[in-house]
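Ready for some practice in reading a protein model? Keep the sequence and the 3D view open, try each task yourself, and then compare your steps with the solution.

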Amino acid sequence: MPDMNTIVGSHDLLMITLDTLRYDVAKLEETNCPNLCGTGSWEKRHTPGSFTYAAHHAFFGGFMPTPANTDKASHVRLFHSRNTGLKTHPHTWLFDTPDMVSGLAAEGYRTVCIGGVIFFTKKNPLAKVLPGYFQQSYWRMNFGVTNPRSTENQVQHALKLLKQIPPEEKLFLFLNVSAIHGPNRYFIEGAKEDSIETQRAALRYVDQALGPLFEAMRERTRPTFCLAFSDHGTAYGEDGYQGHRLAHDVVWNVPYREFVL
């Protein structure tokens with residue numbers, strides 16, 4: 001586990017949620033995702049929520065996906081609210097605010113959200129809640145699930161923002177990638193419905209599209225500590241289930257990675 005007390009303050013932070021990405025799909029495409037995987041591999045974890053809204057509330061509270069094992073020694077949180085009465089690890093960064101986003105802001109970080117799926121659209125009060133954690137938040141129609149170039153559009157917007165943010169300023173950038181979420185059938189020509197294969201194709205597209213963002217973060221003054229993971233999976237007919245917001249292994253098992261750019 002990294003010592004987050006040395007990471008926070010010395011590194012920029014980049015959190016990417018690969019919305020709806022299944023663990024088994026991520027593993028199948030590991031060798032085809034040089035930006036997200038590099039020389040590493042996906043770790044199997046359990047999500048704290050079965051759909052976007054629930055899971056992201058947990059993430060912003062410091063509850064990242066939990067290692068999918070019974071070894072409590074590996075269940076050490078990167079971020080934790082102070083004064084909860086619970087024992088914390090010396091490497092856990094503690095915040096005094098209601099959530100880690102405002103906690104990072106209190107440490108001098110500029111907090112920026114680039115939304116993707118419907119819960120980040122800010123089109124109604126419910127869809128303003130998650131973006132409301134951040135000092136700056138953005139959503140455009142072409143960032144959403146119906147646009148086959150959504151990740152490219154999100155990354156281009158991030159690159160514009162990075163040009164406006166002084167490289168020496170501490171940055172927490174959050175990106176909710178919508179392309180893997182359904183509908184993703186348009187990533188395979190002629191596909192009539194979403195499937196494991198179309199999600200695999202969507203993930204390959206996303207990995208390629210993230211390359212310029214990773215390069216831009218490498219050019220900043222500080223190194224970047226990156227968290228990349230799924231908020232939940234989805235069912236494509238397993239045991240008769242379709243979609244998510246349900247209790248099935250394909251929903252609860254998610255891929256997780258942390259690495260430094």
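Four exercises follow, each with a worked solution.

This is a predicted model, in which local features need pLDDT of at least 70 and side-chain atom pairs count only at pLDDT 80 or more, while totals for chains, interfaces and linings use all residues. Residues are numbered from 1 along each chain as its sequence is written, and side-chain values use heavy atoms, with hydrogens and water left out.

**Exercise 1. The sheet**

Task: Find the order of the eight strands in the open sheet, and say which strands stand at the edges.

Step 1. Strands (E, at least two residues) and helices (H or I, at least four) are DSSP runs, numbered from the N terminus. Two strands pair if DSSP finds at least two bridges between them.

Step 2. Walking across the open sheet gives the order 3-2-12-9-1-8-6-7, with mixed pairing.

Step 3. Strand 3 (66-67) and strand 7 are at the edges; each has a single partner strand, so one side of each lacks a neighbour in the sheet.

**Exercise 2. Around strand 12**

Task: Trace how strand 2 and strand 9 are joined to strand 12, and decide whether strand 12 is enclosed or open.

Step 1. Strand 2 and strand 12 run antiparallel and are joined by four bridges. Here His46 is opposite Asn253 of strand 12.

Step 2. His46 also has a bridge partner in strand 3, namely Thr66. Strand 2 (residues 43-46) runs antiparallel to strand 3, with two bridges between them.

Step 3. Strand 9 (residues 224-229) is antiparallel to strand 12 too, through five bridges. Cys226 has Phe259 of strand 12 as its bridge partner.

Step 4. Buried means under 20% relative accessible area, exposed over 50%, and partly exposed in between (1.4 Å probe, protein chains only). In strand 12 (residues 253-260), six of the eight residues are buried, so the rest of the structure largely encloses this strand.

**Exercise 3. Salt bridges across the sequence**

Task: How many salt bridges does the structure hold, and which parts of the chain does the pair Glu238 and Arg22 tie together?

Step 1. A salt bridge is a side-chain nitrogen of Lys or Arg within 4 Å of a carboxyl oxygen of Asp or Glu. The structure holds 13 of them.

Step 2. Between Glu238 and Arg22, the closest N and O atoms are 2.9 Å apart. Glu238 sits in the loop between strand 10 and strand 11, and Arg22 in the loop between strand 1 (12-18) and helix 2 (23-28), so this pair ties together parts 216 residues apart in sequence. Arg22 is buried, at a relative accessible area of 2%.

Step 3. Now take Arg200 and Glu29, whose closest N and O atoms are 2.6 Å apart in a salt bridge. Arg200 belongs to helix 7 and Glu29 to the loop between helix 2 and helix 3 (34-37), 171 residues apart. Both Arg200 and Glu29 are buried.

**Exercise 4. Backbone surprises**

Task: Where do Lys122 and Asp239 lie, and is each one buried, partly exposed or exposed?

Step 1. Lys122 is not a glycine, yet its phi is positive, about 60°. Lys122 lies in the loop between strand 6 (110-114) and strand 7 (136-138), and with 33% relative accessibility Lys122 is partly exposed.

Step 2. Asp239 has a positive phi near 55°. The loop between strand 10 (235-236) and strand 11 (242-243) holds Asp239, which is exposed at 66% relative accessibility.

Step 3. As a last stop, look at the peptide bond from Gly182 to Pro183: this bond is cis, with omega near 0°. Pro183 is in the loop between strand 8 (171-177) and helix 7 (196-218).
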